[in-house]
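Work through the exercises below with the sequence and the coordinates at hand. Each task is followed by its solution.

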Amino acid sequence: MLKNFIIVGCGGAIGSMLRYGVTLLFIVLNCSNNIATLCVNVIGSFCMGVIMKCVDATPWTLFLMIGICGGFTTFSTFSVQSVSLIQEGKHMTAVAYVFSMVILCVAFAAIGFIVGQRIRH
């Protein structure tokens, strides 16, 4: 059991550092933090879809999905950014952001499943 916590923690550390790296990249590119969060969540959704179809339930699943993808993606940041947009009076931007996040992340998870199935076979 302790071994699994260590596996998830190591993956989470990697995912969190990757997430921070994407944030820094978007700052350098002079892009919005909202776009960075959208990209991270879409990429994470795709990766989770692929992993679900390619990796059997092993410690690798814990490391990759719960650890790296869990540390990399950021639903809480998405939630706070959505509320901030509403509080700033940017209601249409908030609606577009929420719908984009949900639709794109679900779509890319589905695409990830398809890619994962093809890789596995």
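A surface patch here is built from residues with over 30% relative accessible area and no salt bridge, and nonpolar side chains are joined within 5 Å. The model is predicted.

**Exercise 1.** Find a nonpolar patch on the surface and state its accessible area.

Solution. Met1, Leu2, Phe5 and Ile6 make up such a patch. Together they have about 530 Å² of accessible area. Of these residues, Ile6 can be placed in helix α1, residues 2–28.

**Exercise 2.** Describe the secondary structure and the extent of the chain.

Solution. Count the elements: there are five helices and zero strands. Read from the N terminus, their order is α-α-α-α-α. Along the principal axes, the C-alpha atoms occupy a box of roughly 45 × 30 × 25 Å.

**Exercise 3.** Characterise the packing of α2 with α4.

Solution. Start with the geometry: α2 (residues 33–54) and α4 (residues 75–87) pack at about 145°, and their axes are 10 Å apart. The crossing is left-handed. Next, list the residues that meet: Asn33, Asn34, Thr37 and Asn41 from α2, and Phe75, Thr77, Phe78, Gln81 and Leu85 from α4. Sorted by class, the residues of this contact are three nonpolar, six polar and no charged.

**Exercise 4.** Which parts of the chain does the salt bridge of Asp56 and Arg120 tie together?

Solution. The salt-bridge cut-off is 4 Å between side-chain nitrogen and carboxyl oxygen. The count is two salt bridges. In one of them, Asp56 and Arg120 meet at 2.4 Å, N to O. Asp56 lies in the loop between α2 and α3 (59–72), and Arg120 in helix α5 (residues 91–120), so the pair links parts 64 residues apart in sequence.

Terms used. Residues numbered from 1 in each chain as written. Predicted model: local features only at pLDDT ≥ 70, side-chain atom pairs only at ≥ 80, totals over all residues. Heavy atoms only, no water. Patch = residues over 30% accessible without salt bridge, like charges linked within 9 Å, V, L, I, M, F, W, Y side chains within 5 Å. Areas by Shrake-Rupley, 256 points an atom, 1.4 Å probe, with all protein chains shown as cover. Helix = DSSP H or I, 4+ residues; strand = E, 2+ residues; numbered from the N terminus. Axes fitted to C-alpha atoms, helices over the stretch in contact; angles between N-to-C directions. Left-handed = near helix turned anticlockwise from the far one by under 90°. Contact = heavy atoms within 4.5 Å. Nonpolar A, V, L, I, M, F, W, Y, C, P; charged D, E, K, R; others polar.
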